[in-house]
Amino acid sequence: MASSDIHKAPKGTRDFYPPRMAIRRHIEGAWRSAGIDSGFDEIEGPMFEHLDLYTVKSGDEIISQLFSFKREGGDDLYALRPEFTPTLARMAVARGKSLPTPTKWFAIPSHFRAERPQRGRLREHVQWNVDVLGLSDGSADVEVISTALLALERLGLGPEDVKVRLSHRGSIAKVLGALGVSDDSMQSALMLLDRRDKISEEDFRSSAAGLGMDDASVARFDQAARATLPLSGSLSDLSRTLGVSGDSLEELDGIRTGLLDAGLADWCVIDTGIVRGLAYYTGTVFEIFDVKGAERAIAGGGRYDKLVELFGGQPTPACGFGMGDVVLSLVLQEHGLLGSGEGEDLLPRPEVFLVSTTEEGDRRMAPLLVALRRAGIHARRSHKSTRNPGKLLAEAGKLRARHAVILGEELAEERVILKDLEAGTQSSVALTDLVEMIDVDEDAVS
């Protein structure tokens with residue numbers, strides 16, 4: 001490493017100065033409140049796991065994407081977690097039959113990937129993971145999707161801003177089977193469908209032909225990668241567009257009906273190009289995108305009914321999603337939902353800012369701060385040496401404090417000046433009455 005780089009954060013990571021940290025906590029607050037209000041319990045696991053835990057699900061090819069290491073003097077291989085699902089599965093297996101039905105868990109861990117950083121994808125990020133274990137019916141799918149949307153709504157986004165693009169692996173497999181894709185080639189076809197918008201037209205058609213489809217089937221395959229339908233639309237029309245029988249989309253109809261009944265039609269659209277390339281998905285799959293389409297998926301997930309069993313547990317139906325903070329931050333910023341600055345508007349606002357214009361005020365500052373804080377009031381003080389009230393109050397305004405307390409000559413009578421900085425009013429207040437005179441904004445108390 002060049003000596004000039006030693007003070008820089010590692011490539012693909014971020015330093016969280018107070019404004020940036022305020023954005024992160026703002027997002028995490030919406031995630032956590034949506035999870036708790038939807039009946040999920042928060043969990044966490046270790047930041048690193050045995051390397052084998054990740055190869056069980058993804059194969060040895062994932063090793064090149066991980067930050068892996070060996071403890072000095074030991075033989076065991078470990079890796080910083082690239083995702084949370086293997087940890088979730090391991091924890092579920094460890095509890096076994098003692099898990100309640102359903103088990104509803106969420107986590108907000110950091111993840112690490114040894115990949116080339118690019119817009120919307122870093123080597124370290126925070127991700128909200130929400131999972132339901134033990135329910136095989138569509139109610140669990142609706143539950144996780146509605147929880148994701150609740151958080152986005154609390155962050156200020158609406159159905160005009162983001163859309164859930166929804167599909168079903170079983171239904172799409174039937175469509176692909178009708179196009180001539182064999183069972184042996186099905187996973188390759190699903191992965192190709194998932195990559196449709198990331199490769200050239202020529203490469204797509206060449207790869208599709210290699211799966212045993214004739215020209216007509218390749219054209220219909222391409223159509224399947226682009227077919228969309230409003231949630232309230234007719235699946236019969238969609239099946240005719242795809243050139244398959246109506247019962248091919250029967251499994252998709254179940255989750256569609258559940259979301260309609262939940263009143264989420266405006267948020268969702270059926271998109272048969274969404275299959276999620278990972279092999280462990282078994283049913284419903286979905287991704288959430290900004291309507292403008294300028295960013296990567298905000299979230300993605302689906303049903304993975306065989307994953308816990310893959311890790312040595314009992315057969316356990318499961319579904320869930322992951323939502324990262326990197327893309328979400330970009331989307332919120334583009335929609336003007338992070339305030340006027342780079343997070344400054346989201347920093348905690350002091351209820352009270354204390355300034356002193358006398359030596360006696362300096363002496364009384366510390367005990368008054370302690371008393372205010374013990375009363376549950378967010379209180380700060382000026383450390384400037386100036387006695388100029390205007391300059392001191394300017395500091396309070398910069399911090400967006402709601403009140404200012406001036407410790408001046410009035411202290412001789414055990415009184416201070418209390419200024420309401422939002423209303424622009426002030427009054428002389430007895431020190432013994434100060435706490436009850438401060439109108440605390442309950443919404444601002446963290």
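Two strands count as paired here if DSSP finds at least two bridges between them, and I start with that criterion because the first region I want to show, the hairpin of strand 17 and strand 18, rests on it. Please keep in mind throughout that what we are looking at is a predicted model.

With that in hand, strand 17 is joined to strand 18, residues 425-430, by 6 bridges, and the two run antiparallel. One of the bridges can be named by its residues, since Asp420 has Thr425 in strand 18 as its bridge partner. There are 4 residues between the strands of this hairpin, and within the hairpin Gly424 takes a positive phi near 75 degrees.

On its other pairing, strand 17 meets strand 16, again in the antiparallel sense, over 4 bridges, and here Val405 has Leu418 in strand 17 as its bridge partner. The loop between strand 16 and strand 17, the latter covering residues 415-420, holds Glu414, and Glu414 is a residue to look at with some care, for its phi is positive, about 60 degrees, although it is not a glycine. As a reminder, most residues other than glycine have a negative phi, and most peptide bonds are trans. Is Glu414 buried or exposed, or something in between? Its relative accessibility is 40%, and therefore it counts as partly exposed.

Arg400 presents a comparable case, with a positive phi of about 60 degrees in a residue that is not a glycine. Its place is the loop between helix 14, residues 389-398, and strand 16, residues 403-407, and because its relative accessible area is 25%, Arg400 is classed as partly exposed.

Staying with backbone geometry, I would point to the peptide bond that joins Thr101 and Pro102, which is cis, with an omega of about -5 degrees. Pro102 sits in the loop that runs between helix 3, residues 85-95, and strand 5, residues 103-107.

Let me turn to the interior. Which residues have the most contacts inside the largest nonpolar core? They are Trp128, Met323 and Leu328, in a core that has 54 residues. Helix 4, residues 138-154, supplies the largest share of this core, namely 8 residues. If we take Met323 and leave aside its neighbours within four places in sequence, its contacts are Trp31, Val126, Gln127, Trp128, Ala148, Leu152, Ile298, Ala299 and Leu328, a list that includes both Trp128 and Leu328 from the set just mentioned. There is also a second, separate core of 21 residues, with Met91, Leu99, Leu133 and Tyr281 among them.

Helix 2, residues 51-58, is a helix that is mostly covered, with 6 of its 8 residues buried, and these are Leu51, Leu53, Tyr54, Thr55, Lys57 and Ser58. The elements that cover those buried residues include strand 2, strand 3, strand 4, helix 3 and helix 11. Just after helix 2 comes Gly59, whose phi is positive at about 85 degrees.

One of the covering elements, strand 3, residues 68-70, also contains Phe69, and this residue takes part, together with Met47 and Phe48, in a nonpolar surface patch of about 270 Å². Phe69 counts as partly exposed because its relative accessibility is 34%.

A contrasting position is Ser171, which lies in helix 5, residues 169-178, and which counts as buried because its relative accessibility is 0%. Beyond its neighbours within four places in sequence, Ser171 is in contact with Ser248, Leu249, Glu250, Glu251 and Leu252.

I will finish with the overall description. The secondary structure comes to 15 helices and 18 strands, and the C-alpha atoms fill a box of roughly 95 × 60 × 50 Å along the principal axes. Of the 446 residues, 48% count as buried, while the accessible surface comes to about 21700 Å², with 48% of that area belonging to carbon and sulfur atoms. Finally, if we consider contacts between residues at least 6 apart in sequence, 68% of them join residues at least 24 apart.

Key:
Residues are numbered from 1 along each chain as its sequence is written. This is a predicted model: local features need pLDDT of at least 70, side-chain atom pairs count only at pLDDT 80 or more; totals for chains, interfaces and linings use all residues. Side-chain values use heavy atoms; hydrogens and water are left out. Patches are made of residues with over 30% relative accessible area and no salt bridge: like charges are joined within 9 Å, nonpolar side chains (Val, Leu, Ile, Met, Phe, Trp, Tyr) within 5 Å. Accessible areas come from the Shrake-Rupley method with a 1.4 Å probe; for residues, only the protein chains shown count as cover. A salt bridge is a side-chain nitrogen of Lys or Arg within 4 Å of a carboxyl oxygen of Asp or Glu. Buried means under 20% relative accessible area, exposed over 50%, partly exposed in between (1.4 Å probe, protein chains only). A nonpolar core is a set of buried Ala, Val, Leu, Ile, Met, Phe, Trp, Tyr and Cys residues joined through side-chain atoms within 4.5 Å. Contact means heavy atoms within 4.5 Å.
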